[in-house]
Amino acid sequence: MELKVLLFSTLLCLVGVSAQSPANQRANANTRKLLTALSSLGGRVLSGAFGGYTNVGDENGFSMGQANQIQEWTKTLPAVYGIDCAPGWSTTADYKEADIIECMNMQAVEYAKKGGIITVSHHLPNPVFGGNKANGEGAYKTAIYNNDYAAILKQGTPQRNRWWNMMEKIAKGLQGYKDRGITALYRPLHEMNGDWFWWGALKDESQNRERQRLYKLLWQDLFYFMQKKGLDNLLWVWSPDHSRQYKTDYYPGNNFVDIVGLDAYTDNPDNINGYDEITRLGKPFALAEVGPSTTNGQFDYNWFINSIVSKYPKTVYFMPWNAGWSPVKNKNAWGAYNNAKVVNLGGLKVR
C-alpha cells in the first residue's frame, strides 16, 4: 500500500511539473516564469483586448485605441493585449505572400514594457495560391484539398517555398520581441476544426482523419521551425472553435502546445461548448477569442465574466475581439474589467 501511495504521489508531481514545463524545452527563464504564473492564478482570470491587425490602414489597424477606450470606460487597462500580424485578405505578387506579414510592432513592445502580456495571432495568406489570390481575392478563406495540404509539407514544391517564406517572415517579427526580452503568447492556425480558413477542416468534414493528420504536421512544422530559429520566448496557444465538433482530434500534442483554449462567438456565454473536453488536456486554458455572435451592442460582458467565474473557472485569460465584438461597443464593460476575479494590467506578478 505504501508503495502504491508513493507511486501515485510521484505521478501527481510529474503531472504538475509537466503542466508548467514549456513545450519548447529550450524556453528562456522569463518564458518559463510566465507559464508558471499563468498556471498558478488560482481561479483569477487575466483580462484581455484585441488591438487590431498590422498592415491594415483602417480602423482595424493595430493601435492602442482599443486599450485606451477600455481604460476610459473602466478606469483600467487589459492585462493581455492582442495583435494579429497577417491580414490574409490582402494579395501580392507570387512569392511575395510574406509581404502581408508583419509581427513586430513597437506599440506592442511598449505595452509589454508596462507589464502587459502580448498575444500574437495571424490570418495567414494561402500558400497554395500564388500571391494569395483566388478568384481575384485574398485566399485565406479559400479551401485547399488534402493533396495541396500535403504539398505544403513536401520539400521543393511551390507551396512549400511560399510557406517557408511566410515562416521566415513570422520568425523575423517574433525575434524582435525576443531581442527586447519579451515573451509572446503565440497563437497560430486557430479555429482549425471549422471550415473557413485554408488550414482548417474541409467543408462539412471536420472528422476527416487525413486532414487532422496534416494539420498536426503543419503545426509541428511551424513549431520546429521557430525552435530552430532560437525563438525561446514563445508560449504556444492552440484554440479550436467552440461551435464545431472534433476539437481534440486536431490537437498537435502536449509536446507542441503550452496553452489550450476555445474561440467562442456566442450570445449566451453560459453555453460555450467544449470546456470540459479541452481542459482535460491538462494545460492552462484560455478563452482565446471571444465576442457576441450578434453584433448589435447588446452583449453583456458582465454576464460573460460571471459565466467564466461560475462555469469556466480554469480560464487564465479572455480575449474579446474588436469592433462590434468589443466590450466598449457592448454592455457592462465596467463590470467585466472590475470584477473581483479579474486581473488587469500590472496585477500579475511574474517572478
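What follows is a chat between a colleague and a modeller about a predicted model.

Colleague: Let's start with the disulfide. Which residues form it?

Modeller: The structure holds one disulfide. In general, such a link is a covalent bond between the sulfur atoms of two cysteines. Here the two sulfur atoms sit 2.2 Å apart, and they belong to C85 and C103.

Colleague: And how many residues apart in sequence are the parts that this pair ties together?

Modeller: C85 lies in strand 3, while C103 is in the loop between strand 3 and helix 4, so the link ties together parts of the chain. Both cysteines are buried, and the link is right-handed, with 45° about the S-S bond. As for the separation in sequence, it is 18 residues.

Colleague: On to strand 8. Which of its residues point the other way from L234, W236 and W238?

Modeller: Strand 8 covers residues 234-238 and is mostly covered, with five of its five residues buried. In a regular strand the side chains alternate between the two faces of the sheet. In strand 8, L234, W236 and W238 take one side, and the residues pointing the other way are L235 and V237.

Colleague: What is the handedness of the crossover that leads from strand 7 to strand 8?

Modeller: Strand 7 (residues 184-187) pairs with strand 8 in the parallel sense, over three bridges. Y186 stands opposite W236 there. The chain gets from strand 7 to strand 8 through helix 7, and this β-α-β crossover is right-handed.

Colleague: Which residue in strand 9 stands opposite V237?

Modeller: Strand 8 and strand 9 (residues 259-265) run parallel, joined by two bridges. Opposite V237, you'll find I259.

Colleague: Let's look at Q212 in helix 7. Is it buried or exposed?

Modeller: Q212 belongs to helix 7, residues 209-228. Leaving aside neighbours within four places in sequence, it is in contact with S206, Q207, Y246, D249 and Y250. With a relative accessible area of 3%, against a cut-off of under 20%, Q212 is buried.

Colleague: Y246 was in that list. What is its phi near?

Modeller: Y246 is in the loop between strand 8 and strand 9, and is partly exposed, with a relative accessible area of 32%. Most residues other than glycine have a negative phi. Y246 has a positive value, near 60°.

Colleague: Where is N332, which also has a positive phi although it is not a glycine?

Modeller: The phi of N332 is about 65°. N332 is partly exposed, at 39% relative accessible area. Its place is the loop between strand 11 and helix 10.

Colleague: Now M167. How far apart in space are M167 and D221, C-alpha to C-alpha?

Modeller: M167 is in helix 6 (residues 158-179) and is buried, at 0% relative accessibility. Beyond its neighbours within four places in sequence, its contacts are R160, D221, L222, F225 and M226. M167 and D221 are 54 residues apart in sequence, and in space the C-alpha distance is 9.7 Å.

Colleague: Last one, on helix 9. How wide an arc around the axis do its buried residues cover?

Modeller: The buried residues of helix 9 (residues 301-311) are Y301, F304, I305, S307 and I308. They sit on the same side of the helix, because of the arc they cover. What covers them includes strand 10, strand 11 and helix 10. The arc is only 155°.

Colleague: And which residue caps the N-terminal end of helix 9?

Modeller: Look at the backbone nitrogen of N302: a side-chain oxygen lies 2.9 Å from it. That oxygen belongs to the capping residue, D300.

Notes
Residues numbered from 1 in each chain as written. Predicted model: local features only at pLDDT ≥ 70, side-chain atom pairs only at ≥ 80, totals over all residues. Heavy atoms only, no water. Buried < 20%, exposed > 50% of the residue type's maximum accessible area, 1.4 Å probe, protein only. Helix = DSSP H or I, 4+ residues; strand = E, 2+ residues; numbered from the N terminus. Arc of directions from axis to C-beta. Contact = heavy atoms within 4.5 Å. Polar contact = N/O pair within 3.5 Å; in protein donor to acceptor, adjacent residues only side chain to side chain. Pairing = 2+ DSSP bridges. Right-handed = clockwise from strand over helix to strand, strands pointing away. Disulfide = S-S within 2.5 Å.
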